[in-house]
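Me: I am new to this one and would like a short tour. Could you show it to me?

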Amino acid sequence: MTVAEPGLTPGFPDLSGVPVARRSHWGRWTAAAVIILVLLALVRAFAHGQIDWAVVGQFLTVPVILTGIVNTVIMSVLAMALGILLGVIVAVMRLSPNPVLSYCAAFYTWLFRGTPVILQLLLWFNLALVFPTIGIPGIWSGRAVDIMTPFLSALLGLGINQGAYTSEVMRAGILSVDAGQHEAAQAIGMGRLRALRRIILPQAMRVVIPPLGNEFIGMIKTTSLASVIQYPEVLHNAENIYYANSRVIELLIVAGFWYLVVVSILSPFQHLLEKRFARGTQVMTR
Amino acid sequence: MSKPLLAIRDVTKTFGTYQALRGVSLDVWQGEVLCLIGGSGSGKTTLLRCVNQIIQPDGGGIWLDEDLLGRRQDGGKLHRLSERDIARQRLKTGMVFQRFNLFPHLTALGNVMEGPVQVQRRDTGSARADAMDLLSRVGLADKAGNYPAQLSGGQQQRVAIARALAMRPKLMLFDEPTSALDPELVGEVLTVMRELAKSGMTMMVVTHELGFAREVADNVAFMDAGMIVEYGPPAQILGTPRQKRTQDFLSAVIS
């Protein structure tokens, strides 16, 4: 019991030493029970359904599927890299005081966000129908059918499309940096581009990494569209197998399994990147 | 005849329909400390930002070291200088901002070294040694590895002063350097500025710290409505102002 301070109004009970009762989480228990029941029913349905799980296990690690998933990863990484490169350039152009550059950037974003990516892939793959030979006049040229392989068509189609989306993410990141940072960079004699590279973009990265991680996960799955132009990614290869043996569901499960594996591996990488670019903002202790 | 380090002549600036500067003229001599005082919206910050070319004046001219800022006279016309030339002119001035504007992704040392290494292309080793010297001059040698978020406002502002000094400017510009600070942190920043003035640095200071102006300034300019209303030694401007507007401002600030 504490003695009341002089001058305080009496009549309020002393609560020190009174234990706090634990809350009973009825909602959580009910929800858990319902979900477990539903899951059990689902597992039972799939176990008794027309799925031959032995076939799933058999095809999970066959070379064709493994090559497919490696191709998926390669294409995702390269197309995303191209997308980020284009995205940064286009975002900077969009924010440029030069109206010509700014409108060009806006046009690019409008064009490639406004058409389906599968249509763009088909266009690149069929470029030979428009331009039988392509190249740099007087220096080098070749037949478009030979140059626009499924790989290159997929890379250009996916990368350029991604660039349009990434440019908006980058623009948001650049705009999120305080105007005072531009002024401080100018005050120590930096030009626009150096300030961008040294001061603005490193700070923008903190903001853009979560949405870019999102875009990258989207890209891994969008590469499956490249199956329509014969790029041998995992879904394309799985389809080829089930065209031969008719085990459609089993092979789709195999492909789905590998997509989940790749996406799961990525999350820790994103976390590492976020930590790297959060330097100076995480530690708020004095 | 010798010329002032900074000469401002008939500078005007309009934002939309708002006339921020209505013909300001001023001389700042080598080694002089000039304090600009006045109410908010009087144009003192705008004037300082014109000297640092964060904004370009509409009319008039500013000469630093007899070099016309931002423009080049050619064939009876004024041409805007290129981005690169403006950046080079900016190296002669160091700017300290009200809200510090330290680079949050760099340490205190990184902030001070950024300009010398990236812009002046100086060798990293000697730039680091100089930066450490400057940090100890502002009393922060032990905070060199800290990020801005780990420093108090007063410490951040002292790093910002070191960052500006690292470019070896001829003229230091201070834009209300203590206005964003907690009252108990104002003193440490003013001490650094006092030391800097004593070392002979030419300084142009926009401030509300009349005590600092009285003690350190060689001249004080009182601005109101985009014009310099009264100019002279601090004892006269702050002690026995002649203009009604100066008297009103001072009595409002002191009471």
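Me: In chain A, what share of the contacts with a separation of 6 or more comes from residues 24 or more positions apart?
Reply: Happy to help! A contact here means heavy atoms within 4.5 Å. Among the contacts in chain A with a separation of 6 or more, the share from residues 24 or more positions apart is 75%.

Me: Before we go on, what kind of model is this?
Reply: Residues are numbered from 1 along each chain as written, chains are lettered from A and ligands numbered from 1 in written order, and side-chain values use heavy atoms, without hydrogens and water. Local features need pLDDT of at least 70 and side-chain atom pairs pLDDT 80 or more, while totals for chains, interfaces and linings use all residues, as this is a predicted model.

Me: What radius of gyration does chain A have?
Reply: This radius is taken over C-alpha atoms, and the globule rule is 2.2 Å times the number of residues to the power 0.38. A compact globule of 286 residues would come near 19 Å, but chain A has 28 Å.

Me: Is A:His236 buried or exposed?
Reply: Buried means under 20% relative accessible area, exposed over 50%, and partly exposed in between, with a 1.4 Å probe and protein chains only. Because its relative accessible area is 9%, A:His236 is buried.

Me: Which side chain does a polar contact of 3.4 Å join to that of A:His236?
Reply: A polar contact is a pair of N or O atoms within 3.5 Å; within protein, one must be able to donate a hydrogen and the other to accept it, and residues adjacent in sequence count only if both atoms are side-chain atoms. The partner of A:His236 at 3.4 Å is A:Gln230.
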